[in-house]
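Reader: I would like a close look at a single part of this protein, namely its cysteines and the links between them. Please take me through them with care.

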Amino acid sequence: GGVELLLVLWGLDLSMPCPRHCICYTSPSTVSCQAHNFHAVPEGIPAQSERVFLQNNKIQRLLRGHFSPTTTMLWLYSNNLSYIQPSTFHGFDRLEELDLGDNRHLKAVASDTFMGLGRLHALHLYHCGLISLPPGIFAGLHNLQYLYLQFQDNQLEFLEDDLFIDLLNLSHLFLHGNRLWSLRQNTFRGLGVLDRLLLHQNRIQWVDRQAFHDLRRLTTLYLFNNSITELSGATLMQLPALEYLRLNDNPWECDCKALSLWDWLRRFRGSTSTLICVSPPELAGKDMKMVKKEELPSCLSNEGHRRGNSGGEMEHGDSLNHLNRHRIHHNHHQRRKNCTRRGRKGKGGLNEVQVLQEGDEKDYSPDGGKYDMSASSRRRNKCIPRTSVGPPSGVQRANNTGSHTVAFIPCLSSALFLSIYFMILR
């Protein structure tokens, strides 16, 4: 009698039906069946159970009806799950924590498996051998705060755009130890309150310059032990709350493309790791943060190299296109300005629609590069009328002919005036 009283005081309800080999508690109603080598969910779990602990068994399948919609906490980690019926958790609008981690044979989860779990705040899918995550799998999980998708047995290579867009309150996202190779523009869209993002020990090679554009409250970002060779400083500027950054164990190329990252690191006031350069040879083994700006190769003297890396981070393609557009606009503006100026002075009768003669375009430097406006250059850059036919040389000959005609007209006028004058005198 004394033992029974003690168990009641501890919260065990001996009158409540309880599955064999399990222990049941009250306040809150709990069924604990862990570590009993169950191959299936045991029968007899009380309908009013709020917490169900079935971890460390050998359960292979989850089916509708195994659990009650009154469940608020369900632990099924470290089993042999290979199949979850999509309707297993339908109607579980009280469920707050679901741990399915360490089920290495799970491999795949249907897109509607977690549908309706509006109060779920923690979802564990680590170490499950997942190959992909279908679109919409996290739809409606507006209260989810912790999402665990990490560890080596997960094999995620790709994340669909807007996969996390409904996770408005997600604060922790763990994706380390997968096989992700890229981060796209909308990979993390919608994660406006995310605090920690762990992406280390993947195979990431490419990060879109807008990959973190919604992560305004992110304080911790781990990208170490990947295959990243370059990362834009503009990408990290989208993280105004960042405090802890880990970028070590990546093959950093400390060439001209590293300048924006170098500049961002120089101004970053948070905690960061080393960034060991693997190239160019003269900087190999050095920490990028310790390299002086003048030691970084100049992009202006290596434009051909930049064109040859079009498969790199999106920013560099965009930057190169922007640079070219800027050059074209600058050259066109310079042509219009020079020709307009000369036209106003009346040299040759040229007007605003005239352009510089082709074949002498100079390089534009974004940091103040100048055009060669020497006398020889000005002689080559003659203004000609805009024309859609004929080469510039033909247009030039037409201008020359026109200039002889114009010179002949004053002579003819003078002769006619003298003839009339002498006739009057007679």
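Reader: Is Cys22 buried or exposed, and what is its relative accessible area?

Author: This is a predicted model, in which local features need pLDDT of at least 70 and side-chain atom pairs count only at pLDDT 80 or more, while totals for chains, interfaces and linings use all residues. Residues are numbered from 1 along each chain as its sequence is written, and side-chain values use heavy atoms, with hydrogens and water left out.

Cys22 is buried, with a relative accessible area of 13%, where buried means under 20% relative accessible area, exposed over 50%, and partly exposed in between, for a 1.4 Å probe and protein chains only. Its sulfur takes part in a disulfide with Cys33, at an S to S distance of 2.0 Å; a disulfide here is a pair of cysteine sulfur atoms within 2.5 Å. The link of Cys22 and Cys33 is right-handed because the torsion about its S-S bond is about 120°. This pair, 11 residues apart, ties together distant parts of the chain: Cys22 lies in the loop between helix 1 (2-10) and strand 1 (23-25), and Cys33 in the loop between strand 2 (30-32) and strand 3 (51-53). Helices (H or I, at least four residues) and strands (E, at least two) are DSSP runs, numbered from the N terminus. Cys33 counts as buried too, at 0% relative accessibility.

The structure holds three disulfides, and another of them joins Cys18 to Cys24, with 1.9 Å from S to S. The angle about the S-S bond of Cys18 and Cys24 is 90°, and this link is right-handed. Its two ends fall into separate classes of exposure, since Cys18 is partly exposed with a relative accessible area of 31%, whereas Cys24 counts as buried at 5%.

There is also the disulfide between Cys254 and Cys277, with an S to S distance of 1.9 Å, and this link is left-handed, with -85° about the S-S bond. Cys254 sits in the loop between strand 16 (252-253) and helix 3 (259-267), and Cys277 in strand 18 (residues 277-279), so that distant parts of the chain, 23 residues apart, are linked. Both Cys254 and Cys277 are buried.

One further cysteine deserves mention: Cys128 counts as buried, at 0% relative accessibility.
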